[in-house]
Amino acid sequence: WIERQNFISLTLKKSEFETQYLMNSADADFGYDDQNIPFLLPDVIDKCRDDPEIQLLLDREVETLREDQRILRIVMACRESGREADDSSYAPGNIKRVIQNALRQFHIDKGQPSDLSPKDVILQISALLDRLVVVGGD
């Protein structure tokens, strides 16, 4: 099943990319969005500030995202002429829908701060990706 999806990171400039993804656990606004609304619980924020490994994981994650963006730009450059600024394309598996379904299934209120540690999330996603098997087609 192939669906049209948006790849927002494809067309982000470096400054936009960093605003979107770069996080510094030592910053006073760490754990808060651009409207100063917390997305992490206070105790999670404190643990992030106290654990230097979390910043290393966040930095590694940003580097991974940069590499993903670089590869995505190479792949998308192979499309027909005139679509360089188009951040949408067809791809198997709709990630946005997977996230929406998980939010619904686990009754997650996006308006409430999370009790999930970024460290746990990054490590669990990394473990999931290690188990992922990609089967190439013809």
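**Exercise 1. Arg66 and its partners**

Arg66 counts as partly exposed, because its relative accessibility is 25%. Task: find which residues form salt bridges with Arg66, and place them along the chain.

*Before we start.* This is a predicted model, in which local features need pLDDT of at least 70 and side-chain atom pairs count only at pLDDT 80 or more, while totals for chains, interfaces and linings use all residues. Residues are numbered from 1 along each chain as its sequence is written, and side-chain values use heavy atoms, with hydrogens and water left out.

*Step 1: the terms.* Buried means under 20% relative accessible area, exposed means over 50%, and partly exposed lies in between (1.4 Å probe, protein chains only). A salt bridge is a side-chain nitrogen of Lys or Arg within 4 Å of a carboxyl oxygen of Asp or Glu.

*Step 2: Glu18.* Glu18 and Arg66 meet in a salt bridge, at 3.1 Å from N to O. This pair links distant parts of the chain, 48 residues apart: Glu18 is in helix α1 and Arg66 in helix α3 (residues 52-76). Helices (H or I, at least four residues) and strands (E, at least two) are DSSP runs, numbered from the N terminus. Glu18 is partly exposed, because its relative accessible area is 25%.

*Step 3: Glu63.* Arg66 also forms a salt bridge with Glu63, where the closest N and O atoms are 2.5 Å apart. Both residues sit in helix α3, three residues apart, so about one helical turn separates them. Glu63 counts as partly exposed, at 45% relative accessibility.

*Step 4: put it together.* Shared partners join Glu18, Glu63 and Arg66 into one network of salt bridges.

**Exercise 2. A salt bridge to helix α5**

Task: work out which parts of the chain are tied together by the salt bridge of Asp51 and Lys119.

*Step 1.* The closest N and O atoms of Asp51 and Lys119 are 3.3 Å apart in this salt bridge.

*Step 2.* Asp51 lies in the loop between α2 and α3 and Lys119 in helix α5 (residues 118-131), so the pair ties together parts that are 68 residues apart in sequence.

*Step 3.* With a relative accessible area of 22%, Asp51 is partly exposed. In total, the count comes to seven salt bridges.

**Exercise 3. Two aromatic rings**

Task: find the aromatic pair and say whether its residues are buried or partly exposed.

*Step 1.* Rings of Phe, Tyr and Trp (its six-membered ring) pair if their centres lie within 6.5 Å; planes under 30 degrees apart count as stacked, over 60 as edge-to-face and the rest as tilted.

*Step 2.* Searching the whole structure gives one aromatic pair. Phe17 and Tyr21 form this tilted pair, with 4.9 Å from centre to centre and 55° between the planes.

*Step 3.* The two residues are four apart in helix α1 (residues 14-21), so about one helical turn separates Phe17 and Tyr21.

*Step 4.* Phe17 counts as buried, at 2% relative accessibility, whereas Tyr21 counts as partly exposed, at 27%.

**Exercise 4. The chain as a whole**

Task: describe the order of helices and strands in the protein chain.

*Step 1.* The protein chain has five helices and two strands.

*Step 2.* Along the sequence, these follow the pattern β-α-α-α-β-α-α.

*Step 3.* The C-alpha atoms fill a box of roughly 50 × 35 × 30 Å along the principal axes. Of the 138 residues in the protein chain, buried residues make up 22%.
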